[in-house]
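Me: Could you take a close look at one part of this model for me, the second helix and what surrounds it? I'd like to follow its packing partners and then see how they fit into the whole.

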Amino acid sequence: MMLDNLPVEIYDALYQLGLTANYTGFFHIAYAVHLAVQSPQRLRLVTKWLYPDVAAYYNTTPAAVERNIRLSVARVWSETPDLLMKLSHTPLSEKPSNAKFLALLVSQLSHAPSREGTAAVAGRSCLSG
């Protein structure tokens, strides 16, 4: 995957999951995933490393980042649980934690074939099997 296309890939994945840019968590998730794709070890210390970096970038607090991501994950879980389970490649009996949700997105985006431009150009969704 090329890092130049990463924001497009992330936004596309979030839109497919039913999350839109009118949620603050949309941008917090996108930036957190962007950081974690570049440095996957950030997923080991989400509250101590990832949230503070996202908070600093958006001039907010780590607690606000956690809350916004949690609310966004809850929205995805309530609106499109089937797509979330497809992303996880395993049945989910409950809403995933923030860290698991981020890890699922990072994993999917890290293993997705590189695309040029948008999903329309590629003709393939990063959530498609």
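Reply: Happy to! Let's begin with the pair α1 and α2, which in this predicted model pack at an angle of about 130 degrees, their axes lying 10 Å apart. An angle of that value makes α1 oblique to α2, and the crossing of the two helices is right-handed. On the α1 side, the residues that take part are L6, I10, Y11, L14 and Y15. Across from them, α2 offers F26, F27, I29, A30, V33, H34 and V37.

Next comes α4, another partner of α2. Here the axes are 8 Å apart, and the angle is about 105 degrees. Angles from 65 to 115 degrees count as roughly perpendicular, so that is how α2 and α4 stand to each other. The α2 residues at this contact are T24, G25, F26, H28 and I29, and they meet A64, V65, N68, I69 and S72 of α4. It is worth keeping an eye on F26 and I29: both appear in the list of α2 residues that meet α1, and both appear again where α2 meets α4.

Now for the interior. The largest nonpolar core holds 33 residues, and those with the most contacts inside it are I10, L14, I29, V33, F101, L102 and L105. Two or more residues come from each of α1 (6–16), α2 (24–38), α3 (46–58), α4 (62–79), α5 (81–88) and α6 (98–111). Your helix, α2, gives the largest share of this core, nine residues. You will recognise some of the names from the α1 and α2 contact: I10 and L14 on α1, with I29 and V33 on α2.

L102 is a good place to look from the other side. Leaving out residues up to four places away in sequence, L102 touches I29, A32, V33, L43, V46 and L50. Among these, I29 and V33 are also listed with the residues that have the most contacts inside the core.

Stepping back, the protein chain has seven helices and zero strands, so to speak an α-α-α-α-α-α-α pattern when read along the sequence. Of its 129 residues, 41% count as buried. Taking contacts between residues at least 6 apart in sequence, 56% join residues at least 24 apart. As for the surface, the chain exposes about 6600 Å², with carbon and sulfur atoms supplying 56% of that area.

Methods. Residues numbered from 1 in each chain as written. Predicted model: local features only at pLDDT ≥ 70, side-chain atom pairs only at ≥ 80, totals over all residues. Heavy atoms only, no water. Core = buried A, V, L, I, M, F, W, Y, C linked by side-chain atoms within 4.5 Å. Buried < 20%, exposed > 50% of the residue type's maximum accessible area, 1.4 Å probe, protein only. Helix = DSSP H or I, 4+ residues; strand = E, 2+ residues; numbered from the N terminus. Contact = heavy atoms within 4.5 Å. Areas by Shrake-Rupley, 256 points an atom, 1.4 Å probe, with all protein chains shown as cover. Axes fitted to C-alpha atoms, helices over the stretch in contact; angles between N-to-C directions. Parallel < 35°, antiparallel > 145°, perpendicular 65-115°, else oblique. Left-handed = near helix turned anticlockwise from the far one by under 90°.
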